[in-house]
Structures are given as structure tokens and as C-alpha cells.
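Notebook open, coffee poured. Today I am looking up surface patches and aromatic pairs.

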Amino acid sequence: MALAFSSGIYEAICYLSFGKVFTAFQTGNLVLLGVIADGTRPPAGPDRVSVVVSLVAFAAGAALAVRILKAFDGDEEVDDENVFQAWPRRVSIALGVTLITQLAFLTVWLAATPAEMVSHILLTLGAFGAGVQMNAIRSLHVPGVSTTAATATYISWVSGIATWSHTAPAARRLTGTLVGMVAGAFLGTWLIGHAHAYAPILPAVVLAVVIAVASLALKQETGQPSSRAQLG
């Protein structure tokens, strides 16, 4: 939930600052790519270079995360009652990479003057970090949850309501993730308007807290976690 909140802040900051281009929601960027292909240009549409930069950087981040998380199968989910309570050390390492990119983003954001090249650098850092985070959380096998794009989470939430199949932990987890992302986007928008220079600090702080809490409060496993361990 905290990571979804952080992503919401970050996505709002980047979307509003870099010509309405996404850093995490790559489905939106693929749609924008089609809009651009039809000849739409700023201000009616996004900058085509910015869209491509975000797509490529996100893919690079996701690919790096795969290397970090190669001990885990990111394509298989476990049943809700079998969600494990261990937080693998490799996930913390991958999120540490995302935190480094966010700190680099903050450094450039504070030091640089607005320019097209600087915007592309910031987009690269933001999308790269989101790609790493996406695969890091995906490797936890938590059913229906994505902390960088909420479509799958929203579908899981609606489907569970329609079939009355949600367990209480699943309902809290899915609802909290969706609410967290919306709240983050709201706060990110407010920060752009009222504390522009310091807006990227909060998502980095949230991410650092997540890594610290997970490392201290949850069992750090280096191997494949057991799918039979239950969420405490």
C-alpha cells in the first residue's frame, strides 16, 4: 500500500511536469504512441521523444530487476491464503536500486534548470526506477497487486466483489493499494503546486521506510520462499 502511495505521488509529479507522459503506467504510453503516430504533436499531444524515452527506460529497469530477482518466478501467483510473510532480500536490493534512481532524480530536479534534455533525463530516471519496482513487487506473488499500475489490481478488486470471493486480508490489501495510489496522486499534485522544489522528496522517503521496515520486521530470505508459509 505504501509503495502504491509513493508511485501515485511520483506519477503525478512526472505526468504534470513532463508534458503528460507516464513513467510507470506504460499502457498509457503505448496509447500515446498511437496518438503520436497519427501526427498529433504538442500541445494537443505529448512529445514523441519523451514517450519513447519512458518506454525504453521502464523496460531497462524491468530487465535489470529480472536479473536481480532471477531466483524467483514472477509469472506465477499463489493462492491468497498462501501469500508468504517473508520479504526476500533480493526484493529489498531491487527496491534499493529504485531508491537510488529516485535520489538521483531529486538531485537533478533540484540542481537543473528546466530544459528538454533535463526532462528526458528525469523521465529516464523515473521510468527506470518504476520498472525495477514493478518486477520487484511482482516477484512477491501477491495476488492481484501491482504498485506501479492499478489496472490489474482494480480488476481483481471488482471481480472479488462481483463473486463475493474476497477474503478479508485480500479486500484490505486491494482496497488499500487502490486508495493509496489515488491519495498519492492527489498529494503529488498538491506538492507540485505548493512545494514544487521539494515534491520528489516524499516518495523517496516512503520507499526508504518500506525498505527499512521490510528488512527489520520481515524475515529476509535469500532463497525461494515457501508458498506454504501464511501471512501473519
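**Nonpolar patch.** I looked for nonpolar side chains grouped on the surface of this predicted model. I found a patch formed by Leu110, Tyr198, Ile201, Val205, Val209 and Val213, with about 530 Å² of accessible area together. Which helix gives the largest share of the patch? Helix H8 (residues 201–217) does, with four residues.

I then checked one residue of helix H8, valine 213. Its relative accessibility is 46%, so I noted valine 213 as partly exposed.

**Aromatic pairs.** Next I turned to the rings, and the count came to seven aromatic pairs. Among them, tyrosine 10 and phenylalanine 105 form a tilted pair, with 5.0 Å centre to centre and 50 degrees between the planes. Tyrosine 10 sits in helix H1 (residues 2–17) and phenylalanine 105 in helix H4 (residues 89–111), so this pair ties together parts that are 95 residues apart in sequence. Are these two rings buried or exposed? Tyrosine 10 is buried at 7% relative accessible area, and phenylalanine 105 is buried as well, at 1%.

I also looked up tyrosine 154 and tryptophan 157: their ring centres are 6.0 Å apart and their planes at 25 degrees, so I logged the pair as stacked. Both residues lie in helix H6 (residues 151–163), three residues apart, which means about one helical turn separates them. Tyrosine 154 is partly exposed at 46% relative accessibility, and tryptophan 157 is partly exposed at 26%.

**Cluster.** Last entry: I followed the ring pairs from residue to residue and found that they link Tyr10, Phe18, Phe105 and Trp109 into a cluster.

Technical notes. Residues are numbered from 1 along each chain as its sequence is written. This is a predicted model: local features need pLDDT of at least 70, side-chain atom pairs count only at pLDDT 80 or more; totals for chains, interfaces and linings use all residues. Side-chain values use heavy atoms; hydrogens and water are left out. Patches are made of residues with over 30% relative accessible area and no salt bridge: like charges are joined within 9 Å, nonpolar side chains (Val, Leu, Ile, Met, Phe, Trp, Tyr) within 5 Å. Accessible areas come from the Shrake-Rupley method with a 1.4 Å probe; for residues, only the protein chains shown count as cover. A salt bridge is a side-chain nitrogen of Lys or Arg within 4 Å of a carboxyl oxygen of Asp or Glu. Helices (H or I, at least four residues) and strands (E, at least two) are DSSP runs, numbered from the N terminus. Buried means under 20% relative accessible area, exposed over 50%, partly exposed in between (1.4 Å probe, protein chains only). Rings of Phe, Tyr and Trp (its six-membered ring) pair if their centres lie within 6.5 Å; planes under 30 degrees apart count as stacked, over 60 as edge-to-face and the rest as tilted.
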